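I opened the notebook with the sequence beside the model and went through it one topic at a time.

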Amino acid sequence: MENLNYGNNIEIDEKDALIIVDMQNDFLPGGSLPVEEGDFIIKEINMTAKKFKKSGGFVVLTQDWHPKNHLSFASNHPGKIPGNEFTSEDGAIGPVLWPDHCVQNTKGAEFHKDIKIDLGDKIIKKGINPNVDSYSGFQDNDKKSETDLREYLNSVKIKRIFICGLALDYCCYFTAMDGVDFGYDVYFLVNLTRGIDVPEGNVKRVFENMKKKGIKFANKASFK
Ligand code: VGL
Ligand code: ZN
């Protein structure tokens, strides 16, 4: 993948948090917005979460949690279909419209049954405002309102965050980029994510942006 430099000898401690992004039924095979091979990463995410807990670190799960009238859904735009390009003025929605997904209190919004949610210290719901999307676990796309993520991480004195889950080029990417802007040392767990790659070339583009941003990359061999 991309020729990335991976960290090594990383030792997890109580200033570290694993952020598991959107491991929900709708993003997994069989869901309404399935990410290819999304199920391949479940086991390793659980093992990594266990490692964090054993080493005194924290585990946070994010959960895409949309009302049915969410404007990121093509179904709420007459004449549009999922995948159509659409960007609202303030960047709140877009660059494409999605199929209905992760609708509050539906099966699709639930975490995959094999994800060990018991290992989580905190669950952060996002994308609740019907007019604004929230790819980042930290804040809405228009950057006008934050979730509880930053406040939580700061309350337990987290310095480094490690990002994994779905989808690589949307919610994982935006969470990682905001992580840098909010002052954390950010690691992207490359083999614990999978991408949508819409529009085509998006995965490549986000890796370039993450490199420029100073985000570090890691895989399972990176941990001590
Ligand atoms: C996501 C598209 C729409 C994600 C969420 O979790 O990456 N992508 N909503
Ligand atoms: Zn969504």
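The entries below record what I looked up, bearing in mind throughout that this is a predicted model.

**Entry 1, the zinc site.** I began with the zinc ion (ligand 2), whose protein donors are Asp64 (OD), His66 (NE2) and His101 (NE2), lying 2.0 to 2.2 Å from the ion. Along the sequence I found these donor residues spaced D-x1-H-x34-H. His66 and His101 both lie in the loop between β2 (58–64) and β3 (122–126), so the pair ties together parts that are 35 residues apart in sequence. I noted that both histidines, His66 and His101, are buried. As for the geometry, the angles among the four donor atoms run from 87 to 169 degrees, and the site is irregular.

**Entry 2, helix α4.** I next followed α4 (residues 202–213), which has 12 residues and reaches 16 Å from its first C-alpha to its last, close to the 16 Å expected. Its buried residues are Asn202, Val203, Val206, Phe207, Asn209 and Met210. They cover an arc of only 165 degrees around the axis, which puts them on the same side of α4. On the other side of this helix I found Lys204 and Lys212 exposed. The buried residues of α4 pack against α3 (168–181), β5 (185–194) and β6 (216–218), and the helix is followed by Gly214, with a positive phi near 90 degrees.

**Entry 3, the cores.** I then turned to the largest nonpolar core, which has 65 residues, and wrote down Leu153, Ile161, Phe188 and Met210 as those with the most contacts inside it. The largest share of this core, seven residues, comes from α3. Leaving aside residues up to four places away in sequence, I listed the contacts of Phe188, among them Phe207 and Met210, as well as Leu168, Cys172 and Phe217. A second, separate core of five residues includes Ala74, Ala92, Leu97 and Val132.

**Entry 4, backbone exceptions.** Most residues other than glycine have a negative phi, and most peptide bonds are trans, so I looked for departures from both. A cis peptide bond joins Gly94 and Pro95, with omega about 10 degrees, and Pro95 sits in the loop between β2 and β3. The bond from Leu166 to Ala167 is also cis, with omega near -15 degrees, and Ala167 falls in the loop between β4 (160–166) and α3. Asn105 has a positive phi near 65 degrees and is exposed, with a relative accessible area of 68%. Asp197 has a positive phi near 60 degrees, lies in the loop between β5 and α4, and is partly exposed at 31% relative accessible area.

Note on methods. Residues are numbered from 1 along each chain as its sequence is written. Chains are lettered from A and ligands numbered from 1 in the order in which they are written. This is a predicted model: local features need pLDDT of at least 70, side-chain atom pairs count only at pLDDT 80 or more; totals for chains, interfaces and linings use all residues. Side-chain values use heavy atoms; hydrogens and water are left out. Donors are N, O and S atoms within 2.8 Å of the metal (3.2 Å for Na, K and Ca); water is not among the atoms, so sites may look incomplete. Four donors count as tetrahedral if all angles lie between 85 and 135 degrees; four count as square planar and six as octahedral if opposite donors are over 155 degrees apart and all others between 65 and 115; anything else is irregular. Helices (H or I, at least four residues) and strands (E, at least two) are DSSP runs, numbered from the N terminus. Buried means under 20% relative accessible area, exposed over 50%, partly exposed in between (1.4 Å probe, protein chains only). The expected span of a helix is 1.5 Å times one less than its number of residues. The arc is that of the directions from the helix axis to the C-beta atoms. Contact means heavy atoms within 4.5 Å. A nonpolar core is a set of buried Ala, Val, Leu, Ile, Met, Phe, Trp, Tyr and Cys residues joined through side-chain atoms within 4.5 Å.
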